[in-house]
Amino acid sequence: MSSKLLEGKVGVVVGVANKRSIAFAIAKAWHEAGAKLIFNYQGERLKDGVIKLIHENFGEDAPVYDLDVSSDESINAFFENVRKHTDKVDCMLHSVAFAPKEALGGGSFLETGRDAFKISLDISAYSLVALSRAVEPMMSDNGSILAMSYLGAEKVVPNYNLMGVSKAALEACTRYLAYDLGRSRGIRVNCISAGPMQTLAARGVSGFSTMFKVYEEHAPLGRSCTGEELGATGVFLASDGAAAITGQVIYVDGGYQIMGM
């Protein structure tokens, strides 16, 4: 992307796991559009791989800090580290979701356990609230917060199960945050609902690979989406061009969401 729509802006990116992750695609687009970025990794197991990936693609000086979104203490410590590099944040990406493996298999949603439900809602949805609350004092007026969703939030996608409910909660949080932060600071909060992509997280959903064929058969564009297309949408939503867009779910899925049959 040649246009420097985010020149001079500072972004926080939460959720880069590997080169195939949606967070990586959006971070790459933000970086190419001129933004300076601060990243996270979660835990020692992922630390070395994520830091290497970030430094190879965003420069050796790109800051990367530990962040566990299920811990308020960790969130506060992360933003204390962010303050070492900047006194303002213009955009933040939330690309974090988790549900125990047994809740994403071919079983019945009816059998979802209480503990699995709590964990998934906490990490996949409440974390957006917690991160938004932590970044709000640093965020510039008219800043942009962006979260990642999927069609399973509003329609039944077999095997998506608990994650669909978690994404529905995430989208509802987006709307309420958009109201609160828009009224007080002019901060915008939106979701991108991406079509299926071959990410590590996607491969954890039973039967996910069959979705690509369904999208080819039914989506108006005959396909889902690419990382580059998600990145371009992410740049737009973080830019001044989207200054009047908030509380929305933007579908980047080849048009599949509009189809009834």
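A crossing of two helices is called left-handed if the near helix is turned anticlockwise from the far one by less than a right angle, and right-handed if clockwise. With that in mind, select H4 and H5, where H4 passes H5 in a right-handed crossing. The model on screen is predicted, so local features need pLDDT of at least 70, side-chain atom pairs count only at pLDDT 80 or more, and totals for chains, interfaces and linings use all residues. Residues are numbered from 1 along each chain as its sequence is written, and side-chain values use heavy atoms, with hydrogens and water left out.

**The two helices**

Stay with helix H4 (residues 114-135) and H5, whose axes come within 9 Å and cross at roughly 20 degrees. That makes H4 roughly parallel to H5, a label for angles under 35 degrees, while over 145 counts as roughly antiparallel, 65 to 115 as roughly perpendicular and the rest as oblique. The axes are lines fitted to C-alpha atoms, for helices over the stretch in contact, and the angles run from 0 to 180 degrees between N-to-C directions. Helices (H or I, at least four residues) and strands (E, at least two) are DSSP runs, numbered from the N terminus.

**The strands**

Next select strand E1 (residues 10-14) together with E2, which pair in the parallel sense over four bridges; two strands pair if DSSP finds at least two bridges between them. Highlight Val-12, whose bridge partner in E2 is Ile-38. From E1 the chain crosses through helix H1 (residues 22-32) to E2, and this β-α-β crossover is right-handed, a term used if, with the strands pointing away from the viewer, the path from the first strand over the helix to the second runs clockwise.

Now add strand E3 (residues 64-66), which pairs with E2 in the parallel sense over three bridges, and look for Asn-40, which has Tyr-65 in E3 as its bridge partner. Here the chain passes from E2 through H2 to E3, again in a right-handed β-α-β crossover. E2 itself is mostly covered, with five of its six residues buried; buried means under 20% relative accessible area, exposed over 50%, and partly exposed in between (1.4 Å probe, protein chains only).

**The aromatic rings**

Rings of Phe, Tyr and Trp (its six-membered ring) pair if their centres lie within 6.5 Å, and planes under 30 degrees apart count as stacked, over 60 as edge-to-face and the rest as tilted. By this rule the count comes to five aromatic pairs. Select Phe-39 and Phe-58, whose ring centres are 4.8 Å apart with planes at 45 degrees, so the pair is tilted. This pair links distant parts of the chain, with Phe-39 in strand E2 (residues 36-41) and Phe-58 in helix H2 (residues 43-58), 19 residues apart. Phe-39 is buried at a relative accessible area of 1%, and Phe-58 is buried at 8%. Adding Phe-24 to the selection shows a cluster, in which ring pairs link Phe-24, Phe-39 and Phe-58.

**Two exposed stops**

Finally, return to helix H2 and pick Lys-52, which counts as exposed at 52% relative accessibility. Its C-alpha lies 28 Å from that of Ser-239, and Lys-52 and Ser-239 are 187 residues apart in sequence. Then move to Ser-108 in the loop between strand E4 (89-94) and H4, a residue that counts as partly exposed at 42% relative accessibility. Ser-108 and Pro-158 are 50 residues apart in sequence and 9.2 Å apart in space, C-alpha to C-alpha.
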